Amino acid sequence: MSLDEATAGFLAQAAEGGSKPLYEMTPDEVRAMNDGFIELYGPGPEMEAVENVTVDAADGHQIPVRVLTPSKNPRGVLVYYHGGGWVIGTPDQFDTLARQLAAGTDCIVVLPDYRLAPENVYPAAANDAWDVAKWTAARFSDLPLLVGGDSSGGNLAAVVAQQAVAEAGPHISLQILVYPVTDSDTENATYLDPANQLMLDKKSMDWFWDLYIPDKSMRSKSNVSPLQGDVTGTAPAVLLIAEHDVLRGEGEAYAAQLQAAGVPVQLRVFEGQMHGFFQFVNILPGSAAGVEYVNAAVTAHLDAQ
């Protein structure tokens with residue numbers, strides 16, 4: 001299926017505006033561009049409470065975290081790791097999306113401002129992700145713990161889900177993986193497909209990888225490429241994948257690996273969508289459908305507990 005009309009129009013408008021490919025920009029330029037989307041997203045649903053706190057990390061630094069509480073009696077707590085190739089992304093840029101997830105699931109959403117590359121290369125982001133997951137489990141010990149994220153954030157969520165099994169806790173009830181990065185192989189079929197060279201293309205992913213982990217020999221580690229890890233016993237998974245995405249192949253491979261290990265998997269490929277559509281709330285109509293899919297899956301999971 002071809003790109004949907006709204007996505008095609010969005011990309012055409014970006015091209016007319018002279019937008020450069022990500023790999024031709026500096027990290028600061030891409031970060032500034034993403035800040036420009038915040039106003040377009042608009043405000044998210046009102047919350048019962050919003051806290052901006054810090055988490056003490058194992059290595060002594062502090063991780064800023066935004067905690068969005070949708071109601072007086074939430075049903076669970078979701079640590080949501082934002083996407084951005086481990087290089088870009090902030091809680092402000094993902095606040096509207098996080099509020100929609102909180103309101104739609106009646107779960108507290110914890111939105112970490114984990115350390116970014118190239119200022120902080122691997123394993124900074126993975127370590128921060130784990131530290132926030134443990135902090136969240138301790139603070140909200142009476143609620144089911146869910147982890148999720150999009151793209152590189154989906155990578156971190158998958159890494160945390162594996163680490164929770166390897167280290168015997170905390171218990172994770174559900175993992176939500178939105179077009180996750182699961183492997184460092186950028187030479188597979190979906191990476192090379194000309195139809196997938198859109199806002200995120202092969203060159204841009206190579207750029208992200210080089211900034212996050214300059215040492216290529218480290219990229220096969222399981223807390224970098226969870227497809228190379230052991231998924232046995234990890235939490236049930238909800239996967240959302242975009243049809244036109246260089247990451248589609250590794251997302252589908254990870255779903256298959258989970259299923260082969262006996263992990264319950266709910267998978268949907270969103271036709272006509274490109275990588276990144278999930279976060280473009282109030283910009284791309286596909287985002288609303290993606291959020292609705294995730295909210296419904298989380299609600300059904302919690303109803304069954």
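How many nonpolar, polar and charged residues are found in the lining of the largest pocket? In this predicted model, the lining divides into 12 nonpolar, three polar and two charged residues. The pocket holds about 440 Å³ of space. Its lining comprises 17 residues, and the closest to the pocket centre are F10, L11, A14, S19 and M199. Helix α1, which covers residues 5–16, supplies the largest share of this lining, with five residues.

The protein also contains enclosed space. Rolling a probe the size of a water molecule over the atoms shows where empty space is left. One cavity of 30 Å³ or more was counted. The volume of the largest cavity is about 260 Å³. Of its 19 lining residues, L22, I88, M199, H275 and Q279 are the closest to the centre. The lining of the largest cavity has 10 nonpolar residues, eight polar residues and one charged residue. M199 is thus named twice: it is among the residues closest to the centre of the largest cavity, and among those closest to the centre of the largest pocket.

The overall fold was examined next. The protein has 10 helices and eight strands. Its C-alpha trace spans about 50 × 45 × 40 Å along the principal axes. For 305 residues, a compact globule would have a radius of gyration near 19 Å, and the value of 18 Å for the protein agrees with this. Of the 305 residues, 56% are buried. Contacts often link distant parts of the sequence. Among contacts with a separation of 6 or more, 78% join residues 24 or more positions apart.

Helix α4 covers residues 91–105 and bends by about 35 degrees at L97. Of its 15 residues, 11 are buried, so α4 is largely enclosed by the rest of the structure. L97, the site of the bend, is itself one of the buried residues. The other buried positions in α4 are P91, Q93, F94, D95, T96, A98, R99, L101, A102 and T105. D106 follows α4 and has a positive phi, near 55 degrees.

Which residues does N34 touch, apart from those up to four places away in sequence? They are I88 and Q93. N34 lies in helix α2, residues 27–35. Its relative accessibility is 11%; the cut-off for a buried residue is under 20%, so N34 counts as buried. Both of its partners appear elsewhere in this account. Q93 is a buried residue of α4, and I88 is among the residues closest to the centre of the largest cavity.

A further set of contacts involves strand β3, residues 76–81, where G76 is found. Is G76 buried or exposed? G76 is buried, with a relative accessible area of 0%. Beyond its neighbours within four places in sequence, G76 is in contact with D106, C107, I108, L143 and P144. One of these partners, D106, is the residue with positive phi that follows α4. T105, a buried residue of α4, is 29 residues from G76 in sequence, yet the C-alpha atoms of G76 and T105 are 8.4 Å apart in space.

Conventions. Residues numbered from 1 in each chain as written. Predicted model: local features only at pLDDT ≥ 70, side-chain atom pairs only at ≥ 80, totals over all residues. Heavy atoms only, no water. Helix = DSSP H or I, 4+ residues; strand = E, 2+ residues; numbered from the N terminus. Buried < 20%, exposed > 50% of the residue type's maximum accessible area, 1.4 Å probe, protein only. Contact = heavy atoms within 4.5 Å. Bend = angle between axes of the 7 residues up to and from the residue. 1 Å grid on protein atoms, 1.4 Å probe; cavity = no way out; pocket = protein on both sides within 12 Å on 5 of 7 lines; lining within 4 Å. Points joined across faces, edges and corners; volume = space filled by probe spheres on them. Nonpolar A, V, L, I, M, F, W, Y, C, P; charged D, E, K, R; others polar. Rg over C-alpha atoms; globule rule 2.2 N^0.38 Å.
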